[in-house]
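Biologist: I'd like to walk through this protein with you, a bit at a time. Could you bring it up so we can both look?

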Amino acid sequence: MGRNNFQIKLTQNNIIHNFNYIKKYTQKEVIAVVKANAYGHGLKEVVSILSSHGCNYFAVARESEAMEILSLNIPEIKILIFETVNDFSILKKYNNLEMVVNSFYELKELINAKVDFSQLHLKFDFGFARNGFSTDEINLVKETIIKNNLYFKGAMTHFFSSNIDESKKIQNYFLKSIEYIGKDYFSIIHSENSATTLLNIIDGSTHVRCGISILGMLDPGIIDENIKRSWSLSGPIYDIKDFSNLDFIGYERIENINTSNFSKVGKIKIGYGDGFSKRNTDILCHIRNKEYPIVHISMDTSFILIDDLVEIGDNVEIYQNFEKCNAFLKMDHYEYTTLLNSRIPRIIVK
């Protein structure tokens, strides 16, 4: 880690609190979704924290993410991969890997490959238009299951809305579909995302499947004061320049920047090479509990308009207020946290 680098700090106790709260609140086992580098928090870091505090079931989007978790050599954990793996033989090599069956064509492939169906989860699609069987394929799926005597690890679907009535309707369709096929063909049932888990739309499920809520993030419109934020992005001012000595701020001419009420520019070591997009230009950061604008972003450095209160070494926090940042960027927090890449170290704090 270089001098004056920015860091993402993970508050371990808050992640553990969120996991335990969800487990106690739902009275169900939790599948922790850690895809996309645990939504930018750090895949290996988050899995290590959760696995050491009672979580043994994780879900990822892709095979490469599952291999990262396997490299940690954590005993007795299960990993569910949402997308189809490249080679089904990986399921035979690692019996703690599980995979979602995302289409009827895939189901036939898996039968021919003689994969252990106790490692597979059958997915239903009720309008999400992503992966899974459509409702008009259910009869065909049922016939195939009965004919081949297939017993799955799980049945699953995904909610595409945090609207309570709409989500309840999908859950009802899902449970009726399982009953129609035969509930005994599935060991576990799961459909929830973070929003619907916290909205308590969990009837009929054996497990809840949560990602952002475990990490202390809430979907827009969802309020739960028991969920604690676990993530922060910060680093020091490493240099300060007075405007009187400058023609440019980064690659931008100083006359093209609104510098009113400010006399200096502070430099920080974060840029679009770290996944901190130029879209963040003019976003407000926090220094000594005061807001200052980030006015230019280059590949490795960003520039903040500051006043005489700011000194070299002062801590700068970016994205301190998720709601304000979401409104400014017109995107949700788990989108821009996921963009931040591995050049920014993830540090675990208590």
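Biologist: Which handedness does the β-α-β unit made by β3, helix α4 and β4 have?

Modeller: Keep in mind that we're looking at a predicted model. Start with the two strands: β3 covers residues 57-60 and β4 covers residues 78-81, and they pair in the parallel sense over four bridges. Add helix α4, residues 63-70, and the β-α-β unit made with β3 and β4 is right-handed.

Biologist: Okay, and which residue in β4 does Phe-58 stand opposite?

Modeller: Go back to the parallel pairing of β3 with β4. Look across from Phe-58 to β4, and the residue you meet there is Ile-79.

Biologist: Which residue of β5 stands opposite Ile-81?

Modeller: β4 also pairs with β5, residues 97-101, in the parallel sense, this time over three bridges. Facing Ile-81 from β5 is Met-99.

Biologist: Back to the helix, then. Why do the buried residues of α4 line one face of the helix?

Modeller: The buried ones are Glu-65, Ala-66, Ile-69 and Leu-70. Look down the axis of α4 and these residues line one face, because they fall within an arc of 145°.

Biologist: What do the buried residues of α4 pack against?

Modeller: Two helices are on the list: α2 (35-39) and α3 (43-51). The strands we've just met are there too, so to speak, completing the set: α2, α3, β3, β4 and β5.

Biologist: Let's hop over to a loop. Is Thr-301 buried or exposed?

Modeller: Thr-301 sits in the loop between β16 (290-297) and β17 (302-306). Leaving out residues up to four places away in sequence, it touches Tyr-238, Lys-267, Ile-268, Ile-270, Gly-271 and His-296. The cut-off for the label is under 20% relative accessible area. Thr-301 comes in at 14% relative accessibility, so it counts as buried.

Biologist: What about pockets? Which helix gives the largest share of the lining of the second largest pocket?

Modeller: That pocket has a volume of about 260 Å³. Its lining includes Leu-218, Pro-220, Asp-224, Phe-322, Glu-323 and His-333. The largest share is three residues, and they come from the helix at residues 322-329, α10.

Biologist: Last one, zooming out: what percentage of the residues in the protein is buried?

Modeller: The protein has 11 helices and 19 strands, and its C-alpha atoms fill a box of roughly 80 × 40 × 35 Å along the principal axes. Out of the 350 residues, the buried ones make up 53%.

Note on methods
Residues numbered from 1 in each chain as written. Predicted model: local features only at pLDDT ≥ 70, side-chain atom pairs only at ≥ 80, totals over all residues. Heavy atoms only, no water. Pairing = 2+ DSSP bridges. Right-handed = clockwise from strand over helix to strand, strands pointing away. Buried < 20%, exposed > 50% of the residue type's maximum accessible area, 1.4 Å probe, protein only. Arc of directions from axis to C-beta. Contact = heavy atoms within 4.5 Å. 1 Å grid on protein atoms, 1.4 Å probe; cavity = no way out; pocket = protein on both sides within 12 Å on 5 of 7 lines; lining within 4 Å. Points joined across faces, edges and corners; volume = space filled by probe spheres on them.
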